[in-house]
Amino acid sequence: WTARNTTNKDWISISWSSTLGVLVACNNNKSVTATDPNIMYSRDGINWYDLVLTGTTNNFHFGLCWAGKLGVFAMVSYQTSNPQVLISTEFNNFKY
């Protein structure tokens, strides 16, 4: 294993999409501002990039997976007693 530098978050789930050629990870830190990253991604596993998902402020993200047959990422989220599932055909535009 080789450690890589990332933002200081509780990265809890990671998923690989062979279709898109990308690793995507989500954290379960409650985002406190609209500019706080809640996703990071990498195309090579070495260089990681933060991504801020709009509309997910104050959410805890718990799990992420790639469903190859459906061609979507699915992410489970929780916001003040309101569980949610976010879906994305790419890794940068999750929708409720």
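# Reading strands, sheets and a core

Student: Strand 6 (residues 72-78) pairs with strand 7. In which sense, and over how many bridges?

Tutor: Strands of a sheet pair through backbone hydrogen bonds, either parallel or antiparallel. Strand 6 and strand 7 pair in the antiparallel sense, over six bridges. Met75, for example, has Leu86 of strand 7 as its bridge partner. Two strands count as paired if DSSP finds at least two bridges between them. Strands (E, at least two residues) and helices (H or I, at least four) are DSSP runs, numbered from the N terminus.

Student: What kind of model is this, and which cut-offs apply?

Tutor: The model is predicted: local features need pLDDT of at least 70, side-chain atom pairs count only at pLDDT 80 or more, and totals for chains, interfaces and linings use all residues. Residues are numbered from 1 along each chain as its sequence is written, and side-chain values use heavy atoms, with hydrogens and water left out.

Student: How is confidence spread over the chain?

Tutor: pLDDT is the predictor's confidence in each residue, from 0 to 100. The chain averages 82, and 84% of the residues score at least 70. Confidence is highest in strand 1, at a mean of 92, and lowest in strand 7, at 83.

Student: Which strand order does the sheet with strand 6 have?

Tutor: The order is 5-6-7, in an open, antiparallel sheet of three strands. Strand 5 (60-67) and strand 7 (83-88) are the edges, each pairing on one side only. The twist averages 20° from one strand to the next. Such angles use lines fitted to C-alpha atoms (for helices, over the stretch in contact) and run from 0 to 180 degrees between N-to-C directions.

Student: What is the order in the sheet of four strands?

Tutor: That open sheet has the order 1-2-3-4, again with antiparallel pairing. Strand 1 (11-17) and strand 4 (49-51) each have a single partner strand, so one side of each lacks a neighbour in the sheet. Here the twist averages 25° between successive strands.

Student: How does strand 2 connect to strand 1?

Tutor: The two form a hairpin with four residues between them. Gly21, in the turn, has a positive phi of about 65°. Six antiparallel bridges join strand 1 to strand 2 (residues 22-27). Ile14 has Ala25 as its bridge partner, and Ser15 stands opposite Val24.

Student: Is strand 2 buried or exposed?

Tutor: Buried means under 20% relative accessible area, exposed over 50%, and partly exposed in between (1.4 Å probe, protein chains only). Six of the six residues in strand 2 are buried. Val22, Val24 and Cys26 cover one side; Leu23, Ala25 and Asn27 lie on the other.

Student: What makes up the largest nonpolar core?

Tutor: In soluble globular proteins, nonpolar side chains tend to be buried together. A nonpolar core is a set of buried Ala, Val, Leu, Ile, Met, Phe, Trp, Tyr and Cys residues joined through side-chain atoms within 4.5 Å. The largest here has 13 residues, and Val24, Ile39, Leu64, Phe73, Met75 and Phe94 have the most contacts inside it. Strand 2, strand 5 and strand 6 each give two or more residues. Strand 2 gives the largest share, three.

Student: Where is Ser42 found, and what does its side chain reach?

Tutor: Ser42 is in strand 3 (residues 39-42), and is buried at 0% relative accessible area. Its side chain makes a polar contact with the side chain of Asp44 (3.1 Å). That term means N or O atoms within 3.5 Å; within protein, one must be able to donate a hydrogen and the other to accept it, and residues adjacent in sequence count only if both atoms are side-chain atoms. The Ser42 side chain also reaches the backbone nitrogen of Gly45 at 2.6 Å. Ser42 is the bridge partner of Leu23.
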